[in-house]
Amino acid sequence: MDKIVVDKLDLFYGDQQALNKICLTMKEKSVTALIGPSGCGKSTFLRTLNRMQDLTPSVKISGKITIDGQDIYAPGTDVVLLRKKVGMVFQNPNPFPKSVFENIAYGPRIHGESDKKRLNEIVETSLKDAALWNEVKDRLHESALGLSGGQQQRLCIARLLAVGPEILLMDEPTSALDPISTMKIEELIAELKDKYSIMIVTHNMHQASRVSDRTAFFLSGDLIEEDVTSILFTRPAKKKTEDYISGRFG
Amino acid sequence: MPTRQKFDHELEELRTNILNLGNMVNEQITDAVRSLINQDLELANAIVVKDIALNDLQAIIEEKCILLIATQQPFARDLRKLVAGFKISIYLERMGDLSVDLAKVTIRIGEEEFIKPIVDIPRMSALVQEMIDIGLKAYVDEDCGAASEMSLIDDQIDKIYSGVFGELRSIMMEDPNKVTQANYLLFASRFLERLGDYCTNIAEEIVYICNGKRMDLNE
């Protein structure tokens with residue numbers, strides 16, 4: 001079943017066009033990787049899916065994005081609810097300067113959950129789903145800033161899961177992490193795929209080939225090619241894709 | 001400025017090594033068949049010894065492919081070139097072994113008079129060598145189209161083998177004293193038929209390099 005359908009999406013920063021007639025579909029409970037050189041538009045594209053671009057001045061968007069059949073740019077769309085449904089993880093882990101527990105409980109509280117027992121359950125479940133529970137269960141009330149970089153990133157994922165999203169957007173989630181932390185996040189993505197639809201931006205093409213079901217290659221604001229990951233990395237249809245993944249640009 | 005120059009240079013070096021291996025195999029087959037026709041035992045023994053150099057070169061190619069996959073982490077056509085190069089080297093090494101088997105037929109028959117004129121074995125050998133020449137050129141040019149040409153030649157080899165098999169079977173049935181040598185000649189024909197099959201395997205790898213698709217040319 002199609003979770004996200006993007007149709008002829010154009011995006012301008014002022015007069016500068018950053019995305020050009022992008023058409024892309026993502027199936028439910030799958031992982032799609034977005035690859036491409038810096039400035040190609042992949043992060044910009046990712047940020048259109050939960051309307052993070054609304055926060056950037058001078059952005060103009062046209063075309064259509066539907067999630068579960070609903071046009072997310074239709075007038076009257078509740079953007080807070082949209083971002084609850086479509087959560088995002090960034091390049092650098094950004095835990096709040098609060099305890100581990102408070103980091104996770106923050107979102108549910110904002111959305112109205114005040115029952116302490118229920119909050120305890122949410123914190124435990126979210127940390128377990130983010131494969132972090134065993135490492136932090138004895139230090140839930142210590143500062144999250146004391147965790148390692150990899151643990152902080154999984155904490156940020158747990159923080160997302162706590163508000164019950166359906167789609168996870170990950171913008172280079174492991175680029176600041178060491179190889180072991182990176183592998184843990186990649187294993188986590190494989191597990192989360194059973195419950196969530198995931199879109200990940202990565203500069204690491206081997207990561208894209210390991211974690212994703214489908215891969216989309218962006219270049220200068222164009223979607224050059226999108227296909228099953230195993231096909232795109234072994235026999236891409238377009239020469240531009242071949243040149244990029246073979247490291248033969250320029 | 002072109003990127004990955006070092007990697008491209010390494011791929012070129014790998015290709016040269018595979019070509020050298022292919023030429024060595026071609027030479028071994030030529031010599032093996034010549035040793036049989038001329039009943040040249042010295043040449044046959046030299047083929048057995050020369051196989052060591054061939055095995056060594058295959059080991060170098062194999063090591064290089066593993067190293068490049070590990071260090072350069074290739075994708076797409078680069079990856080296909082390495083995987084196919086690895087497999088082609090294995091097929092060529094096996095073809096070298098079959099040349100040795102052919103030379104051993106020469107040694108086993110020794111100076112005994114042939115039970116029949118040796119006509120079909122040189123014909124099969126010439127076709128195998130034609131396949132190797134086309135295959136090596138197609139490998140260099142990454143020419144997908146040569147595969148079907150090679151497949152047609154393999155069909156000719158199979159037909160000759162079928163005829164040789166029938167002829168030698170009749171000889172064995174007619175005269176039990178000729179059974180031993182007839183068997184040796186049958187083995188030699190079979191080795192050449194297998195050489196043709198390995199050439200089609202190489203053609204399949206060339207197709208894989210070109211378009212990433214797998215096809216069975218031995219069917």
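**Reading a sheet, a chain contact and a helix pair**

Q: Let's begin with two strands of chain A. How many bridges pair E4(A) with E5(A), and in which sense?

A: This is a predicted model, so keep that in mind as we go. In general, strands of a sheet pair through backbone hydrogen bonds, either parallel or antiparallel. Here, E4(A) and E5(A) are joined by 2 bridges in the antiparallel sense. One pair to look up is Thr66(A), whose bridge partner in E5(A) is Asp71(A).

Q: What do E4(A) and E5(A) form, and how many residues sit between them?

A: They make a hairpin, with 2 residues between the strands. Have a look at Asp68(A) in the turn: its phi is positive, about 50 degrees.

Q: What about the other strand pairing, E1 with E4 of chain A: how many bridges are there?

A: Strand E1 (residues 2-13) and strand E4 (residues 59-67) of chain A run antiparallel and share 8 bridges. Two pairs help you find the register. Val5(A) has Thr66(A) as its bridge partner in E4(A), while Asp10(A) is matched with Ser62(A). Thr66(A) should ring a bell, as Asp71(A) is its partner in E5(A).

Q: In what order do the strands of the sheet lie?

A: The order in chain A is E2-E1-E4-E5, 4 strands in an open sheet with antiparallel pairing. Strand E2 (16-27) and strand E5 (70-71) of chain A each have a single partner strand, so they stand at the edges with one side lacking a neighbour in the sheet.

Q: Moving on to the two chains, how many residues of chain B are in contact with chain A?

A: A common way to size an interface is the accessible area lost when the parts come together. Here we can count residues instead: 13 of chain B are in contact with 13 of chain A. Helix H3 (residues 76-109) gives the most to chain B's side, with 5 residues. By class, that side has 5 nonpolar, 4 polar and 4 charged residues.

Q: At what angle do H3(B) and H6(B) pack?

A: The angle is about 170 degrees, and the axes are 9 Å apart. Anything over 145 degrees counts as roughly antiparallel, so that is the label for H3(B) against H6(B). Their contact has 17 nonpolar, 2 polar and 8 charged residues.

Q: Is Arg194(B) buried, exposed or partly exposed?

A: Arg194(B), found in helix H6 (residues 179-211) of chain B, is partly exposed because 17 other C-beta atoms lie within 10 Å, and a residue needs 20 or more to be buried. Its C-alpha atom is 25 Å from that of Cys210(B), 16 residues apart along the chain.

Definitions and conventions
Residues are numbered from 1 along each chain as its sequence is written. Chains are lettered from A and ligands numbered from 1 in the order in which they are written. This is a predicted model: local features need pLDDT of at least 70, side-chain atom pairs count only at pLDDT 80 or more; totals for chains, interfaces and linings use all residues. Two strands pair if DSSP finds at least two bridges between them. Two residues are in contact if their C-beta atoms, placed from the backbone, lie within 7 Å. Ala, Val, Leu, Ile, Met, Phe, Trp, Tyr, Cys and Pro count as nonpolar, Asp, Glu, Lys and Arg as charged, and the others, Gly among them, as polar. A residue is buried if 20 or more other C-beta atoms lie within 10 Å of its own, exposed if 12 or fewer, and partly exposed in between; C-beta atoms are placed from the backbone. Axes are lines fitted to C-alpha atoms, for helices over the stretch in contact, and angles run from 0 to 180 degrees between N-to-C directions. Angles under 35 degrees count as roughly parallel, over 145 as roughly antiparallel, 65 to 115 as roughly perpendicular and the rest as oblique.
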